[in-house]
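Here is a predicted model to walk through together, one question at a time. Have a look at it first, and then we can reason from its atoms.

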Amino acid sequence: MTRIFSRAPRVLYDTLDERAVLIDAQGTELITLNALGTRVWQALDGARDDEAITGEITARFADVDPRRITDDVHGFLDELLQLGLITEVTDLAAHPHRSA
C-alpha cells in the first residue's frame, strides 16, 4: 500500500551545501540530513506517494542497490512521521495537490 506524505507546516528548513537542515515545530531540535535524506525531504510535496519518491531516489543513486534504497526511504519516512516532521495525507480529496 502506498502512502503520501507532506512536510509538517511548522517545520522550518533550508538547504546548505546540498544538505537540508530542519528545525522542528517547537524549535528545540536541529536536524541535518544526508544526501539521501535531503532528496527525500525535497520530494515531500504531498503529491507524490512513497513509491514515486523511492523511484526518484533510485534513479539518482543508480550505483546503490534499489532494495537498500527502498528500505532506507521507508525507514526514513517512518522516522520523520514519528518525530512529527511530516504528516500522512489521508484525505486525498481535500488535499490541494492531489485529486481523488
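A residue counts as exposed when its relative accessible area is over 50%, as buried when that area is under 20%, and as partly exposed in between.

Q: Is Arg68 buried, partly exposed or exposed?
A: The relative accessibility of Arg68 is 53%. The cut-off for this class is over 50%, so Arg68 counts as exposed.

Q: Which residue forms a salt bridge with Arg68, and how far apart are the closest N and O atoms?
A: Let's start from the helix: Arg68 and its partner Asp72 are 4 residues apart in helix 3, and therefore separated by about one helical turn. Asp72 is partly exposed, with a relative accessible area of 35%. The salt bridge is formed with Asp72, with the closest N and O atoms 3.6 Å apart.

Q: Which residues are joined into one network by salt bridges that share partners?
A: One link is the salt bridge between Arg48 and Glu56, with the closest N and O atoms 2.8 Å apart. Arg48 is partly exposed at 25% relative accessibility, and Glu56 is partly exposed at 29%. Shared partners make one network of Asp45, Arg48 and Glu56.

Q: How many residues apart in sequence are the parts that Arg3 and Asp78 tie together?
A: The side chains of Arg3 and Asp78 meet in a salt bridge, 2.8 Å from N to O. Arg3 lies in the segment before strand 1 (4-7), while Asp78 belongs to helix 3 (residues 66-82), so the pair ties together parts that are 75 residues apart.

Q: Which has a relative accessibility of 33%, and is it buried, partly exposed or exposed?
A: Of the Arg3 and Asp78 pair, Arg3 has a relative accessibility of 21% and counts as partly exposed. The 33% belongs to Asp78, which counts as partly exposed.

Q: Are helix 1 and helix 2 parallel, antiparallel, perpendicular or oblique to each other?
A: The axes of helix 1 (residues 35-43) and helix 2 (residues 50-60) come within 10 Å and cross at roughly 140°. Helix 1 passes helix 2 in a right-handed crossing. Antiparallel would need an angle over 145 degrees, so the two helices are oblique.

Q: Which residues make the nonpolar surface patch of about 290 Å²?
A: One member, Leu30, sits in strand 4 (residues 30-32). Leu30 is exposed, with a relative accessible area of 60%, and patch members need over 30%. The patch is made by Leu12, Ile23 and Leu30.

Methods:
Residues numbered from 1 in each chain as written. Predicted model: local features only at pLDDT ≥ 70, side-chain atom pairs only at ≥ 80, totals over all residues. Heavy atoms only, no water. Patch = residues over 30% accessible without salt bridge, like charges linked within 9 Å, V, L, I, M, F, W, Y side chains within 5 Å. Areas by Shrake-Rupley, 256 points an atom, 1.4 Å probe, with all protein chains shown as cover. Salt bridge = Lys/Arg side-chain N within 4 Å of Asp/Glu carboxyl O. Buried < 20%, exposed > 50% of the residue type's maximum accessible area, 1.4 Å probe, protein only. Axes fitted to C-alpha atoms, helices over the stretch in contact; angles between N-to-C directions. Parallel < 35°, antiparallel > 145°, perpendicular 65-115°, else oblique. Left-handed = near helix turned anticlockwise from the far one by under 90°.
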